[in-house]
Amino acid sequence: MHFTNLNSIDVDAPAHLFSNLEITLSCSAMALTGPNGGGKSTLLKLIYHRCQQAGVDVVYGAQHPDPAALSEGQNQIYRWLDWMERGLTANSVLLLDEPFRHLDMDFRSRAMDFLKQIQGYALIVSHDLDFLGEVETIYHLQSGVLQFYGGGYQTYASVRKQQAEAREKRISSLQSTIQKVQKAGQKIQHRQEHRTRKAQKDNLKQNIPRSLINKQKGRAQKTAAKLEKQTRRKAQANDERLNQTTDELLSVQRDTGGIVHIPAGNVRKSALDTVGFAPTFRGRQDSSNHSISLGRTERIWIQGPNGAGKSSFIRAILGLHPFRGSARLGGTVFYLSQSLNAFERSGSLESAFSDLWTLCCPAEPVPNQNILSQWRTLLGYSGIRGDDFHRSLSSFSGGERMRILLCLAAVAEPALLLLDEPEQNLDLVAREELLASLNDYSGAIMFVSHDPIFAQSLNPDSILEIRR
């Protein structure tokens, strides 16, 4: 099934996302990847409308389902059950946008099996490494260009690695060029200043007859004007080159994930100690009791089915959920919630610093302006700069929200990271950079993840099972 002349503006999306794209769907599940905000959801929505217009049987699962009185994972399971019962034929089209978010490992396996067995065409927007490892074809949408990768994830990853290495070389080259151009600009300015001082000094030394003063003065003015024009032309050309190189550098750097390094803070004997610990639930008896001693550099992977209470367990450690037993923290803790609903409020990013800090570091007082300044600097590295600080919180994408909070973690310098499915809102490049950042982090980590490849890449020391 072939689609042509796909333009983002046709579904009232920004025109710069893409134009005149073509895509061919085959009778097997295909993946669509690309950076957050690059137009993947828009492309999927456009294909959906094209199918409707052509009378094609199509099933469309948007990235953000309607809110329900369920956990994120449970809500996603019910959506999958609807899709599975839909009854797809060889001529049907299945379009799903980030459908594996928050699914537990058991249901993920069931969803993967369903996709392998379906008839018809399927295009799935996903950054989940376990799913990408199962498909033979991957499309990648970035900067308005749709690239096709056959041969599965290994081929995709190999080509992307080569492109990343070339990008890093280009960044280094552009930074070197900027330094050279800046030095050239300084030389032009110093040379002009030297000429001016020399001319003034020579004029003072010369003993010119009064009859020749006006003639000499006019000639000197013409020469000075000529030199100044040449200097101005060289300076203008140099400035243009500097601006072009800087713009190109910013463009190339936008292709990186922008995930920051997180320094580890001081810790006492251990990062966390619990005795007979478990969250409590209304109307439910929980017989589990967990006694944990988490060392200052240890990592624990929390597993369990949706609705078992993994998120509640993490929140209980911070005193944000009722619990029994005891829990003692050994230093500053940074909490990254599964939900990014903290951004669904009025106000700008700049004005939300205190609120975001309180949500992520509930046991720590709001820091001073110096920390706020550091946070802004790190946000600039993550691609959030300038006028972005005045944008409303709700206007930031899921990936941007995650980067904002990770920059907050970097300035908090925690002894313990409590991460609830941190990979869910990040594209592939950002996931890779997140893994690199977390593996470089020297503190303790307790995390929830349903993506086994992502979780195993964090090299957990132990696994904590939480069951219903």
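User: How should the open sheet of three strands be read, and in what order do its strands lie?

Analyst: As a general idea, the strands of a sheet pair through backbone hydrogen bonds, either parallel or antiparallel. In this predicted model, the open sheet has the order β10-β9-β12, and its pairing is antiparallel. Strands β10 (290-294) and β12 (323-329) are the edges, as each pairs on one side only. From one strand to the next, the twist averages 20°.

User: Over how many bridges do β9 and β12 pair?

Analyst: Strand β9 (residues 272-279) pairs with β12 over six bridges, in the antiparallel sense. For one residue pair to locate in the viewer, take Leu272, whose bridge partner in β12 is Leu329.

User: Which helix packs on this sheet, and which strands does that helix touch?

Analyst: Helix α7 (residues 310-317) packs on the sheet and touches β9, β10 and β12. The direction of α7 makes about 130° with that of β9.

User: Turning to strand β7, how many of its residues are buried?

Analyst: Burial is read residue by residue, with under 20% relative accessible area as the cut-off. In strand β7 (residues 137-142), six of the six residues are buried, so the strand is largely enclosed by the rest of the structure. The side chains may be sorted by direction: Thr137, Tyr139 and Leu141 point one way, while Ile138, His140 and Gln142 point the other way, and all are buried.

User: Which strands are joined to β7, and in what sense, parallel or antiparallel?

Analyst: Strand β3 (residues 29-33) runs parallel to β7 and is joined to it by three bridges. Here Leu32 stands opposite Tyr139. Strand β8 (residues 145-150) pairs with β7 in the antiparallel sense over six bridges. In that pairing, Leu141 has Leu146 of β8 as its bridge partner.

User: How many residues lie between β7 and β8 in their hairpin, and what is the phi of Ser143?

Analyst: The general expectation is that most residues other than glycine have a negative phi. The hairpin of β7 and β8 has two residues between the strands, and Ser143 in the turn has a positive phi of about 50°. Ser143 is thus worth inspecting as a residue that is not a glycine yet has a positive phi. Ser143 is exposed, with a relative accessible area of 63%.

User: Where does Asp12 lie, and what is its phi?

Analyst: Asp12 lies in the loop between β1 (2-6) and β2 (21-24). Its phi is positive, about 60°, although Asp12 is not a glycine. Asp12 is exposed, with a relative accessible area of 76%.

User: Is Ser437 buried or exposed, and which residues does Ser437 touch?

Analyst: Ser437, found in helix α11 (residues 428-440), is buried, with a relative accessible area of 6%. Leaving aside residues up to four places away in sequence, Ser437 touches Ile259, Val260, His261 and Ile262.

User: For a helix pair, at what angle do α8 and α10 pack, and which residues make the contact?

Analyst: The reading starts from the angle between the axes, where 65 to 115 degrees counts as roughly perpendicular. Helix α8 (residues 353-360) and helix α10 (residues 398-412) pack at about 75°, with their axes 11 Å apart. The two helices are therefore roughly perpendicular to each other. On the α8 side, the contact is made by Phe353, Leu356, Trp357 and Cys360, and on the α10 side by Ile404, Leu405, Leu408, Val411 and Ala412. By class, this contact has nine nonpolar residues, no polar and no charged ones.

User: How does α8 pack with α9, and which residues meet?

Analyst: Helix α9 (residues 369-381) packs with α8 at about 90°, their axes being 12 Å apart. That makes α8 roughly perpendicular to α9. Phe353, Leu356 and Trp357 in α8 meet Ile371, Leu372 and Trp375 in α9. This contact has six nonpolar residues, with no polar and no charged residues. Phe353, Leu356 and Trp357 also take part in the contact of α8 with α10.

User: What are the secondary structure and the buried share of the protein chain?

Analyst: The chain comprises twelve helices and 16 strands. Of its 468 residues, 46% are buried. Among contacts with a separation of 6 or more, 74% are between residues 24 or more positions apart. The chain exposes about 23,700 Å², of which carbon and sulfur atoms supply 48%.

Key
Residues are numbered from 1 along each chain as its sequence is written. This is a predicted model: local features need pLDDT of at least 70, side-chain atom pairs count only at pLDDT 80 or more; totals for chains, interfaces and linings use all residues. Side-chain values use heavy atoms; hydrogens and water are left out. Helices (H or I, at least four residues) and strands (E, at least two) are DSSP runs, numbered from the N terminus. Buried means under 20% relative accessible area, exposed over 50%, partly exposed in between (1.4 Å probe, protein chains only). Contact means heavy atoms within 4.5 Å. Accessible areas come from the Shrake-Rupley method with a 1.4 Å probe; for residues, only the protein chains shown count as cover. Two strands pair if DSSP finds at least two bridges between them. Axes are lines fitted to C-alpha atoms, for helices over the stretch in contact, and angles run from 0 to 180 degrees between N-to-C directions. Angles under 35 degrees count as roughly parallel, over 145 as roughly antiparallel, 65 to 115 as roughly perpendicular and the rest as oblique. Ala, Val, Leu, Ile, Met, Phe, Trp, Tyr, Cys and Pro count as nonpolar, Asp, Glu, Lys and Arg as charged, and the others, Gly among them, as polar.
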